[in-house]
There are 2 protein chains.
Amino acid sequence: MKIMVLGADGYLGWPTALHLSKKGHEVAVVDNCVRRSYDLEMGVDSLVPIASFQRRIQAWKEVSGIELTSWFGDLTDPDFVHRIVREFRPEAIVHFAEQRSAPYSMIDQKHCVYTQVNNVVNTLNVVYAIADIDPDIHLVKLGTMGEYGTPNIDIEEGYIEITHKGRTDTLPYPKQPHSFYHLSKVHDSHNIQFACRVWGIRATDLNQGVVYGQETPETIEHPDLLTRYDYDGVFGTVLNRFVAQAVAGLPLTVYGTGGQTRGTLDVRDTLACIELACMNPANQGEFRVFNQFTESFSVLQFAEMVRDAYNKPVEIQHGELVRVEKEDHYYNAIHTRLLDLGLQPHLLNKDTLEKMLAMTEKYAHRIDPAAFKATVNWRNTTNYLPTSGSPLPR
Amino acid sequence: MKIMVLGADGYLGWPTALHLSKKGHEVAVVDNCVRRSYDLEMGVDSLVPIASFQRRIQAWKEVSGIELTSWFGDLTDPDFVHRIVREFRPEAIVHFAEQRSAPYSMIDQKHCVYTQVNNVVNTLNVVYAIADIDPDIHLVKLGTMGEYGTPNIDIEEGYIEITHKGRTDTLPYPKQPHSFYHLSKVHDSHNIQFACRVWGIRATDLNQGVVYGQETPETIEHPDLLTRYDYDGVFGTVLNRFVAQAVAGLPLTVYGTGGQTRGTLDVRDTLACIELACMNPANQGEFRVFNQFTESFSVLQFAEMVRDAYNKPVEIQHGELVRVEKEDHYYNAIHTRLLDLGLQPHLLNKDTLEKMLAMTEKYAHRIDPAAFKATVNWRNTTNYLPTSGSPLPR
């Protein structure tokens, strides 16, 4: 089918585009490469060197013989979004194109407002383009498990049946997100759900867990096809960061007790989930929610697994909790709908961890130990990062 | 106490500022008068002529001897918001300053994005200013009953206790808003609730019903103190519009069956509720929600009450439903918390309606029959209004 991937230059967008292309879909890739400018701002870089967006597309043509349709542009520009949707006329739009770091959104007021405006406006523009041009286009939107927070009841997939004072209704699952970034995804979910109701568009909201891993069958076919791997304190996801700390011979830093439990999945499962969602579209007018993760672990468990998988000594160190979150909480999130569609999970085992450690060792010389630091504290309204363009203290 | 009213040039902001001033509070008023520019864009005007923001402030000084502190400025400018909060150092900030028309937000993509960005960024800027300058400042934020939609269970005040698979938690009440405007208020609520959690600020979210009426004890003291009265299809609230249609000798237009039920309140009760919220602040870190209305009626009931109160013949006409909403639904919304604080409601009776009709008759010569038209249909992604700056058909 014809699939447009928005944010196709990112950690997950790029391997998703290749996976869909390899599977025989006709793929368009769209990005403005703003993710790379966040690196410039933070003074950090992907552990794995990555080719330019243009070179990647060229390399895929050399390796596979397939030419991806591509656009460089900013999705906050409504005319740009309308133009590319009208020209490519996708059957599905996979939307990764958002500022996706919780700490980045919590740096200061400027980064908070940027994150919310960028993400909400991007998504509104995509929704309007679909409704205007072809309401049959299926929107596959990346949400996050962080939209739910940590309620003291089971987390369902998007909706919950509530019986209250003798009456019953099925309502959107209440949201208690963890950061201004997670809030932007909550806002998106509400906006898209409304658009499904009033315009009959079809959408799948994929509330994704924390992704780990870097290699996929397609990206390892050529060095210029590799996707980025972030280990820094602002963009690195927890398991990827622990692996890099272990390889750098540094203690794995667990903030607080590490009792915070999160859903997680292998990068290869992200790709499979996206394709499953595309191949099994939501109904007309349906706002469908899948919880996209395969297992749950506490942060401390992640650290212990990395320690146990590595063939060198690894220390685990507890640091001050920089986020505002519960460290000891109930967590049971349902995630059966993607399994029902046929997802075959790659569960986190020693073999996967050893491969991640081996890949990281190849690039160990590129690790900047200063990048691990958790520089953003949720309790500060302004975190004065040397390179973040934060305002001077008022 | 020291109270800053944001959006103090509007329908409710202005009489609220006067009411608080009359009660002995030290009041600052802030607006950029953008509400008046929506009138210019739509080619409509308040039924009651209103003095300029500057002249109103002067007139209040002449009448009461009290000088309001005032600023003209845009709350999407973060430096402006920080400056005024730092200079005035209020104990409470009453925040009315949002684009507040559902039809306006549904005109087209530009108006949708404008509404969400304006309202969300305004509110984030206010929240950051409070957290930075003095987290003790109590934010009294105008929300809307429309955030809840029409669930098939009782609507509680902001939170609901849910028992699910044998476990229980009290969670934010699920939201199913009716328009991109209502969605912007849902986004605000989530953002503010998060800020209370991470920074310990105190906030009251007033989920207000549909307000009717125009005269308050303070505004009738001088013609230059009168507040606006909107009867047009985009900004006019339903009862105000019906009263103007009756006086104009036109049929009261009920869209659909008129079975849509909404909470409502007298403009004088808005003023009382705001003062009660200010005088009884939320606790540190508390995100408190009050449902601010006094009675519920269906749209058809409003029409029938106006017909029955008027001394001239009035016809009720049903038109095509232009919004996407349920016409026949369960509606029972709890609203006891403001009553518990001492609210003495003005219930909707014949006397109130007769006064509204008499006031409207005074200005009958200013009614533009064309303004009544419901020009915005929810099902269109673009409503081509002659004067709305809508894009040309693509």
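**Exercise 1. Leu20 of chain A**

A:Leu20 lies in helix H1 of chain A. The coordinates come from a predicted model, so keep that in mind as you work through these. Your task: decide whether A:Leu20 is buried or exposed, and find what it touches.

*Solution.* Start by counting neighbours: 25 other C-beta atoms sit within 10 Å of A:Leu20. The cut-off for a buried residue is 20 or more, so A:Leu20 is buried. Next, skip the neighbours within four places in sequence and list the contacts: A:Ile3, A:His25, A:Val27 and A:Glu275. For a distance check, take A:Lys2, which is 18 residues away from A:Leu20 along the chain; the two C-alpha atoms are 9.6 Å apart.

**Exercise 2. The helix around it**

Work out how many residues of helix H1 of chain A are buried, and which elements cover them.

*Solution.* Helix H1 of chain A spans residues 13–22, and 9 of its 10 residues are buried, so call the helix mostly covered. Going along the helix, the buried ones are A:Gly13, A:Trp14, A:Pro15, A:Thr16, A:Ala17, A:Leu18, A:His19, A:Leu20 and A:Ser21. Now look for the cover: it includes strand E1 (2–6), strand E2 (26–31), helix H3 (53–64), strand E4 (92–95) and H9, all from chain A. One last detail: just after H1(A), A:Gly24 has a positive phi of about 100 degrees.

**Exercise 3. A three-stranded sheet**

Find the strand order in the open sheet of 3 strands in chain A, and explain why two of its strands each have a side without a neighbour.

*Solution.* Read off the order first: E9-E11-E13, with mixed pairing. Strands E9 (210–212) and E13 (295–298) of chain A are at the edges and have a single partner strand each, so one side of each lacks a neighbour in the sheet. From one strand to the next, the twist averages 45 degrees. Then zoom in on strand E11 (residues 261–266) of chain A: it runs antiparallel to E13(A), and 4 bridges join the two. Across that pair, A:Arg262 stands opposite A:Phe297 in E13(A). Finally, see what packs on the sheet: helix H9 (residues 267–279) of chain A touches E9 and E11 of chain A, and its direction makes about 80 degrees with that of E11(A).

**Exercise 4. Chain A as a whole**

Check chain A's radius of gyration against what a compact globule would have.

*Solution.* For 394 residues, the globule value is near 21 Å; chain A has 20 Å, so the two agree. Along the principal axes, the C-alpha atoms of chain A fill a box of roughly 65 × 55 × 50 Å. The inventory is 12 helices and 14 strands, and 55% of the 394 residues count as buried. Among contacts in chain A with a separation of 6 or more, 83% are between residues 24 or more positions apart.

**Exercise 5. Where the chains meet**

Describe the side of chain B that touches chain A: which element gives the largest share, and what kinds of residue are there?

*Solution.* Count first: chain B and chain A contribute 44 residues each to the contact. On chain B's side, elements giving two or more residues include helix H4 (78–88), helix H6 (109–133) and helix H7 (180–199). H6(B) gives the largest share, 11 residues. Sorting that side by type yields 24 nonpolar, 11 polar and 9 charged residues.

Now turn to the largest nonpolar core: among its 240 residues, A:Val5, A:Leu6, B:Val5 and B:Leu6 touch the most other members. H6(B) gives this core its largest share, 12 residues.

Conventions: Residues are numbered from 1 along each chain as its sequence is written. Chains are lettered from A and ligands numbered from 1 in the order in which they are written. This is a predicted model: local features need pLDDT of at least 70, side-chain atom pairs count only at pLDDT 80 or more; totals for chains, interfaces and linings use all residues. Two strands pair if DSSP finds at least two bridges between them. Axes are lines fitted to C-alpha atoms, for helices over the stretch in contact, and angles run from 0 to 180 degrees between N-to-C directions. Two residues are in contact if their C-beta atoms, placed from the backbone, lie within 7 Å. The radius of gyration is taken over C-alpha atoms; the globule rule is 2.2 Å times the number of residues to the power 0.38. A residue is buried if 20 or more other C-beta atoms lie within 10 Å of its own, exposed if 12 or fewer, and partly exposed in between; C-beta atoms are placed from the backbone. Ala, Val, Leu, Ile, Met, Phe, Trp, Tyr, Cys and Pro count as nonpolar, Asp, Glu, Lys and Arg as charged, and the others, Gly among them, as polar. A nonpolar core is a set of buried Ala, Val, Leu, Ile, Met, Phe, Trp, Tyr and Cys residues joined through C-beta atoms within 7 Å.
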